Amino acid sequence: MAKSANLYARIEPDVKEKAEIILNALGISASNAITMFYKQIILQKGLPFEVKLPEHPLDISRMTDEHLHTELEKGYANMQAERTIPAAEAFMDIRKEYGI
């Protein structure tokens with residue numbers, strides 16, 4: 001079947017560039033990758049991957065006052081026992097773990 005439908009999408013230039021580098025290394029054009037994605041949507045009857053908000057174990061918006069107090073106490077105990085790391089390292093670990 002001939003490809004005759006056009007798809008126009010706006011995407012961040014950095015995301016497009018990084019994805020196309022990978023696709024080129026795989027020998028797949030962006031057009032073919034999009035076709036593959038759409039075919040998987042049809043086969044899966046939905047997105048071919050899970051779409052959900054990540055569960056952050058210490059999501060403060062979902063904590064009870066008691067749970068928050070317990071976590072703060074743990075942090076304080078770690079500080080008193082000198083089980084700490086520099087803030088820059090902690091934030092780097094968080095970004096890496098949660099992909100941000």
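How many of the 14 residues of α1 are buried? One. That helix is hardly covered. Keep that in mind while we go through the rest. And a reminder: this is a predicted model.

Start with the whole chain. The secondary structure is four helices and zero strands. Along the sequence the pattern reads α-α-α-α. How spread out is the chain? Its radius of gyration is 22 Å. The globule rule gives 13 Å for 100 residues, so the chain is more spread out than a compact globule. The box tells you about the outline: the C-alpha atoms fill roughly 70 × 30 × 20 Å along the principal axes.

Now burial. Across the 100 residues of the chain, 3% count as buried. The accessible surface is about 9,600 Å². Carbon and sulfur atoms account for 60% of that surface.

Charges next. There are 12 positive side chains and 15 negative ones. The centres of the two sets sit 13 Å apart.

Back to α1, residues 13-26. Does the length add up, or what should we expect it to be? At 1.5 Å a residue, its 14 residues should span 20 Å. The end C-alpha atoms are 20 Å apart, so the two agree. Just after α1 comes G27, with a positive phi of about 75°.

Last topic: the aromatics. We describe a pair of aromatic rings by the distance of the centres and the angle of the planes. The count here is two aromatic pairs. Take F37 and Y38: ring centres 6.2 Å apart, planes at 65°. Planes over 60 degrees apart count as edge-to-face, so that is what this pair is. Then F37 and F49. Their centres are 6.2 Å apart, with planes at 15°. Under 30 degrees counts as stacked, so this pair is stacked.

Which parts of the chain does the stacked pair tie together? F37 lies in helix α2, residues 30-44. F49 lies in the loop between α2 and α3, and α3 is residues 65-80. So the pair links parts that are twelve residues apart in sequence.

Put together, F37, Y38 and F49 form one aromatic cluster. Are its members buried or exposed? Partly exposed, each of them. F37 has a relative accessible area of 32%. Y38 has 44%. F49 has 48%. Buried would need under 20%, so F37 at 32% is partly exposed.

That's the tour.

Methods:
Residues are numbered from 1 along each chain as its sequence is written. This is a predicted model: local features need pLDDT of at least 70, side-chain atom pairs count only at pLDDT 80 or more; totals for chains, interfaces and linings use all residues. Side-chain values use heavy atoms; hydrogens and water are left out. Helices (H or I, at least four residues) and strands (E, at least two) are DSSP runs, numbered from the N terminus. The expected span of a helix is 1.5 Å times one less than its number of residues. Buried means under 20% relative accessible area, exposed over 50%, partly exposed in between (1.4 Å probe, protein chains only). Rings of Phe, Tyr and Trp (its six-membered ring) pair if their centres lie within 6.5 Å; planes under 30 degrees apart count as stacked, over 60 as edge-to-face and the rest as tilted. The radius of gyration is taken over C-alpha atoms; the globule rule is 2.2 Å times the number of residues to the power 0.38. Accessible areas come from the Shrake-Rupley method with a 1.4 Å probe; for residues, only the protein chains shown count as cover. Lys and Arg count as positive and Asp and Glu as negative; His and the chain ends are not counted. The place of a charge is taken as NZ of Lys, CZ of Arg, CG of Asp or CD of Glu.
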